[in-house]
Amino acid sequence: MQPTKSVTSDTRAPTEAILAWRNLSLDDINDLISIANEIHPDLPESIQVFSERINLFPEGCLALEASTSDGKITSELCGYAISHPIIRRQPPALDALLGEISPSADQYYIHDLALLPKARGCGSAQEGVGKLLAIAARYETTALVSVYNSAPFWNRFGFVAGGTDEVLERKLREYGDDAVFLERQNGNHESMARGNTRVV
Ligand SMILES: CC(C)(COP(=O)(O)OP(=O)(O)OC[C@H]1O[C@@H](n2cnc3c(N)ncnc32)[C@H](O)[C@@H]1OP(=O)(O)O)[C@@H](O)C(=O)NCCC(=O)NCCS
């Protein structure tokens, strides 16, 4: 995996860090939870929810790692992304287990993208979204629940307000009053299908 731009890893230590995305593993779970608790204090999800996503759809679960080298290499998790297929417009409720990836799943879903403040502003989030959308291209659309008024960030990738129903509206309220359901058309879906790429 190619490193992205470098950032200062810690305000107390002026060492430059290299940020790079890799797949999450269950070994990351404690660090992931501490980031989730810091970024989403009002949207808590259990360790089981994150572990299940990593087990069920590992390719959609990414870790952003900052590596510093002061003679020896030290690595630190400073962000993560969780995504997986769902049945269209049926995202899981907050803090709910999936049980399985439905065989009828027909939409890609970005459940969470969170970077620690010190890792922001370097283009890593954009790079991570690009990786998720490459996986999502097997599906016609990608969806997510935008929180913290982050819709302008997602608009950059073609996400716009998606259709909702009563059930989805109820789930959205669990994510807070500012939660919005967004969808995007995956542009290369049709060309991938025409090229005999397996569409699941
Ligand atoms: C949203 C988040 C992932 C963006 O991370 P980031 O490191 O700032 O993003 P990047 O550096 O990759 O930014 C890519 C571009 O998006 C822009 N951008 C970043 N956050 C934005 C926002 N909230 N609204 C509009 N544009 C935004 C950047 O300015 C940058 O633009 P540029 O390429 O023209 O310079 C990060 O702020 C975060 O983790 N926030 C807390 C959790 C969160 O809100 N997650 C999404 C909820 S659904």
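Q: Is Y148 buried, exposed or partly exposed, and how many other C-beta atoms lie within 10 Å?

A: The general idea is to count neighbours: a residue is buried if 20 or more other C-beta atoms lie within 10 Å of its own, and exposed if 12 or fewer do. This is a predicted model, and in it Y148 has 14 other C-beta atoms within 10 Å, so Y148 is partly exposed. Its place is the loop between β6 (141-146) and α4 (151-155), and its phi is positive, about 55°, although Y148 is not a glycine.

Q: Which other residue has a positive phi without being glycine, and where is R89 found?

A: Phi of R89 is near 65°, a positive value in a residue other than glycine, and R89 is found in the loop between β4 and β5. Because R89 has 18 C-beta neighbours inside 10 Å, R89 counts as partly exposed.

Q: How many helices and strands does the chain have, and in what order do they run?

A: The chain holds 6 helices and 8 strands. Read from the N terminus on, the elements follow the order β-β-α-α-β-β-β-α-β-α-β-α-β-α. Of the 200 residues of the chain, 29% count as buried.

Q: In which sense do β3 and β4 pair, and how many bridges are there?

A: To read a pairing, one looks for the bridges and for the sense in which the strands run. Strand β3 (residues 61-70) pairs with β4 in the antiparallel sense over 10 bridges, and A66, for example, has E76 in β4 as its bridge partner. The two strands form a hairpin with 1 residue between them, and G71 in the turn has a positive phi of about 90°.

Q: Which strand pairs with β4 over 8 bridges, and in what sense?

A: Strand β5 (residues 107-115) and β4 pair in the antiparallel sense over 8 bridges. Within this pairing, I86 stands opposite Q107 in β5.

Q: Do β5 and β6 run parallel or antiparallel, and how many bridges join them?

A: Strands β5 and β6 run parallel, joined by 3 bridges, and Y109 stands opposite A143 in β6. As for burial, 5 of the 6 residues of β6 are buried, so this strand is largely enclosed by the rest of the structure.

Q: Which residues touch the most other members of the largest nonpolar core, and which strand gives the most to it?

A: A core of this kind is read as a set of buried nonpolar residues joined through C-beta atoms within 7 Å. The largest nonpolar core has 39 residues, of which L24, L32, L62, L64, Y80 and L144 touch the most other members. Strand β4 (residues 72-86) gives the most to this core, with 6 residues. For L144, leaving aside its neighbours within four places in sequence, the contacts are Y109, I110, W154, F159 and L182.

Q: At what angle do the axes of α1 and α2 cross, and how is that angle read?

A: The general idea is to compare the directions of the two axes. Helix α1 (residues 29-39) and helix α2 (residues 47-56) have axes that come within 10 Å and cross at roughly 125°, which means that α1 is oblique to α2. The crossing in which α1 passes α2 is right-handed. Where they meet, I29, L32 and I33 belong to α1, while I47, F50 and S51 belong to α2.

Q: What share of the contacts with a separation of 6 or more joins residues 24 or more positions apart?

A: Such contacts are read by comparing positions along the chain with positions in space. Residues 24 or more positions apart account for 68% of the contacts with a separation of 6 or more.

Q: Where is L168, and which residues does L168 touch?

A: L168 lies in helix α5 (residues 166-174) and, not counting residues up to four places away in sequence, touches R89 and F181. The C-alpha atoms of L168 and P91 are separated by 7.8 Å, although these residues are 77 residues apart along the chain. With 16 other C-beta atoms within 10 Å, L168 is partly exposed.

Q: How far apart are R138 and Q107 in sequence and in space?

A: R138 and Q107 are 31 residues apart in sequence and 8.9 Å apart in space, C-alpha to C-alpha. R138 has its place in the loop between α3 (124-136) and β6, and, with 17 other C-beta atoms within 10 Å, R138 is partly exposed.

Technical notes: Residues numbered from 1 in each chain as written. Predicted model: local features only at pLDDT ≥ 70, side-chain atom pairs only at ≥ 80, totals over all residues. Helix = DSSP H or I, 4+ residues; strand = E, 2+ residues; numbered from the N terminus. Contact = placed C-beta atoms within 7 Å. Pairing = 2+ DSSP bridges. Axes fitted to C-alpha atoms, helices over the stretch in contact; angles between N-to-C directions. Parallel < 35°, antiparallel > 145°, perpendicular 65-115°, else oblique. Left-handed = near helix turned anticlockwise from the far one by under 90°.
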